[in-house]
Amino acid sequence: MKQICTILITISLNSCHLLSYRQEPNEKFNQIINVLPDNNRELKYNGLYTLISIDSSSLVSDTIHRKDDSFIDPIMFYGNGIVDYIGDIYFSNNEKRKSYIDKKNKFTNLPCGIFSVNNKKIEASIYMVFEGNGDGFNIWYLCNFTGVIDGNRILNWKMIPPVPKFTKLEKRQDYNQKKITYLMQSKDFEFKPFIYKTMLDSNNIWINKYKKMP
């Protein structure tokens with residue numbers, strides 16, 4: 001009986017992440033977090049970047065410009081190298097974004113990432129959240145992103161390989177497959193002012209603990 005239980009436990013561990021899972025920092029993550037994030041201040045930090053096109057299609061541009069305070073799939077970069085990006089198409093505005101930041105301040109262990117800029121090229125390593133085995137959105141994988149700064153825009157922002165190594169059960173989640181497809185699509189973002197961005201204390205974000213002390 002004991003041997004049977006051991007076999008069942010082994011099979012379970014190989015086929016799913018029990019309860020929750022957060023991937024440990026990898027080599028790329030450590031490379032990015034321990035360099036100056038943006039020595040030449042190429043990015044704009046007094047607001048956020050909002051989606052305007054996907055794979056050269058500007059279908060979302062008309063929507064984004066209907067209201068000055070409308071945002072789609074926003075990215076928030078901070079001067080200390082922290083980046084906040086969920087990676088899902090959703091619509092937001094000033095009030096919804098303020099509520100989101102309030103939540104991030106209250107629960108400082110929520111997903112985030114780190115970035116660096118070199119010759120206008122952005123490299124980022126960000127925790128993306130996927131569906132686990134019946135536990136909802138509790139599986140965190142590190143995903144690598146690149147993009148190019150062009151004035152007030154970020155062009156060709158997308159996730160690059162390697163893709164997350166899903167377990168068999170995670171592969172069956174339709175949401176996970178759709179999210180990977182979306183993240184790997186080339187996207188363009190445009191800067192918009194957002195005065196409430198500084199409400200988030202980026203120095204208090206848990207991911208800072210991985211930075212090496214000088």
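**Exercise 1.** In this predicted model, determine which residues F77 touches beyond its sequence neighbours, and place F77 within the nonpolar core.

*Solution.* Begin by setting aside residues up to four places away in sequence, after which the contacts of F77 are L43, Y45, Y49, I82, V83, F115, I122, I154, W157 and K197. Next, turn to the largest nonpolar core, which has 31 residues, and ask for the members that touch the most others: these are L43, F77, Y85, F115, I122, F145 and W157. Finally, note that another core lies apart from this one, with 21 residues that include M76, I82, Y100 and I207.

**Exercise 2.** Classify K28 and E123 as buried, partly exposed or exposed, and describe how their side chains meet.

*Solution.* The side chains form a salt bridge with an N to O distance of 2.8 Å, and the pair links distant parts of the chain, since K28 belongs to helix α2 (residues 27-33) and E123 to strand β8 (residues 121-131), 95 residues apart. Because partly exposed covers the range between 20% and 50% relative accessible area, K28 at 26% is partly exposed, and E123 at 25% is likewise partly exposed.

**Exercise 3.** Work out where E190 and R153 lie and how buried or exposed each one is.

*Solution.* The closest N and O atoms of this salt bridge are 3.0 Å apart, and the bridge joins E190 in strand β11 (residues 187-193) to R153 in strand β10 (residues 153-160), 37 residues away. With 11% relative accessibility E190 counts as buried, whereas R153, at 33%, counts as partly exposed.

Notes. Residues are numbered from 1 along each chain as its sequence is written. This is a predicted model: local features need pLDDT of at least 70, side-chain atom pairs count only at pLDDT 80 or more; totals for chains, interfaces and linings use all residues. Side-chain values use heavy atoms; hydrogens and water are left out. A nonpolar core is a set of buried Ala, Val, Leu, Ile, Met, Phe, Trp, Tyr and Cys residues joined through side-chain atoms within 4.5 Å. Buried means under 20% relative accessible area, exposed over 50%, partly exposed in between (1.4 Å probe, protein chains only). Contact means heavy atoms within 4.5 Å. A salt bridge is a side-chain nitrogen of Lys or Arg within 4 Å of a carboxyl oxygen of Asp or Glu. Helices (H or I, at least four residues) and strands (E, at least two) are DSSP runs, numbered from the N terminus.
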